[in-house]
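User: I am new to this structure and should like to understand the terms used to describe it. Please take me through the ligand surroundings and the domains.

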Amino acid sequence: MSQQVIVLGGGVIGLAIAFELSTKGHEVTILEKVRCGGQASGAAAGMLAPYSEIGEDPDDFFRLCLESLREYPMWQQEVKAISGVDFEYTNSGSLHAVYHKADLLGLKTRQSWQSEWGAKAELVDGARLQQLEPLLADSIIGAMHYPEESHVFAPDYVKALEGACRANGVKIAEELESVDIKSWRDEIEVVSKAGQTFKAERMVIASGAWSQELEEIFDLRIPVFPIRGQICAYELGEHKVNHIIYTSQGYLVPKANGTLVNGASEDIAGFKTDVTEKGINRLTNWNHNILPFLKKTDPFHRWAGLRPATQDGYPLIGEHPEASHIVFATGHYRNGILLSPITAKVVAAIITDEKTPVPIDLFAPGRFTI
Ligand SMILES: Cc1cc2nc3c(=O)[nH]c(=O)nc-3n(C[C@H](O)[C@H](O)[C@H](O)COP(=O)(O)OP(=O)(O)OC[C@H]3O[C@@H](n4cnc5c(N)ncnc54)[C@H](O)[C@@H]3O)c2cc1C
């Protein structure tokens, strides 16, 4: 049965959820304080890299990330088809590069448990590594090659998601400046600064790094806080880079438009999204250790965004413990682009009272509230 759903926040998570819900026939309204895709989502490097990102033992978070990677081929096709907007989705594969013999052991440990989860992971060195990525620094002694890891061009992906939502009939109210949640326990009523009233049967909270502001209203601990990520891009010129290259100090992502995205710093700066010399230097001072030609090149573009981090590193996905019609989908930290398809499918399953495609107990929004 069709339900009326308000989605609070128009980042990649809110947009993906609105797209999935509207595809299933629900009447969806996105309420966005500023502009859709204008915050963390539009700033991301767009890597879809669960094997590179998660080095520890597998848990349900790794499973969430992996399932989302596997959703992408079909998901990105649907978003493109419905929106009519093209965006880069490249199955480039990745190289997780290391510099010391001792680090090879760590890679092998990853390889053994990741292979049990179906990962195609191959430890490469010498001529094979040179063949895969000819411009790599000689100091790199080996790398784990993950052929399944991919990337999207995030600013275009969120534009396409927004287009797909509009094509599906999702109402989008942007630049609201502030939204006042007047009631939610029984009836949901939200009023914008300009006095517009929005009512619905269900509400999804997808407000990213700003989610903690809603703690008092929902009588729930929501320990989501902003971690600034500073990032930059180079023009590749005549240089050819084939893979996402991941190292302990930063990563490089070659884009189809001839640029090389280099991310990303992590610091705490409240809600500031300015770029600092120190933040970008941390990246640029390291890069020649990955690709020596970068020593003579300056990035042509620098920007920053706020990752929604949580106290325990896991997102909040699921129902409010006292009100099942309020559903949280926030705190995706470093992996919101990767996690957008699976989060949308999980939230749609919750709203339609179906079994979720993956276990979500680990992400229960009530886990911080005693
Ligand atoms: C530099 C950088 C690089 C990254 N690289 C990657 C990567 O390679 N791969 C990957 O998977 N992830 C990456 N990430 C992480 C990813 O960008 C985030 O996890 C993801 O964008 C979070 O999406 P979101 O929709 O929750 O948040 P946002 O995109 O921040 O959207 C939240 C939206 O909610 C709105 N809002 C807030 N409060 C309210 C309210 N009360 N009412 C209405 N609207 C509200 C905001 O205005 C905002 O538009 C990166 C992030 C950064 C900063």
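Analyst: The shell around the ligand draws at least three residues from each of domain 1 (4-82 + 154-223 + 312-368) and domain 2 (93-147 + 225-309); the domain bounds come from an automatic or database domain assignment. This is a predicted model, in which local features need pLDDT of at least 70 and side-chain atom pairs count only at pLDDT 80 or more, while totals for chains, interfaces and linings use all residues. Residues are numbered from 1 along each chain as its sequence is written, and side-chain values use heavy atoms, with hydrogens and water left out.

User: Which of the 37 residues around the ligand come nearest?

Analyst: They are Glu32, Ser41, Met47, Tyr333 and Leu338. A residue is near a molecule if one of its heavy atoms lies within 4 Å of it.

User: What makes the approach of Arg334 to the ligand a polar contact?

Analyst: A polar contact is a pair of N or O atoms within 3.5 Å; within protein, one must be able to donate a hydrogen and the other to accept it, and residues adjacent in sequence count only if both atoms are side-chain atoms. A backbone N or O atom of Arg334 lies 2.8 Å from a ligand nitrogen atom, so the pair meets the distance limit of that definition. For Ile337, a backbone N or O atom is 3.0 Å from an oxygen atom of the ligand.

User: How far apart are the C-alpha centres of domain 1 and domain 2?

Analyst: These centres lie 28 Å apart. The contact (heavy atoms within 4.5 Å) takes 25 residues from domain 1 and 28 residues from domain 2.

User: What is the buried area between domain 1 and domain 2?

Analyst: Buried area is the accessible area (1.4 Å probe) that two parts lose on being put together, summed over both. For domain 1 and domain 2 this comes to about 2500 Å², with 62% of it on carbon and sulfur atoms. Tyr51, Ser52 and Tyr333 supply 26% of the area that domain 1 buries against domain 2, more than any other three residues.
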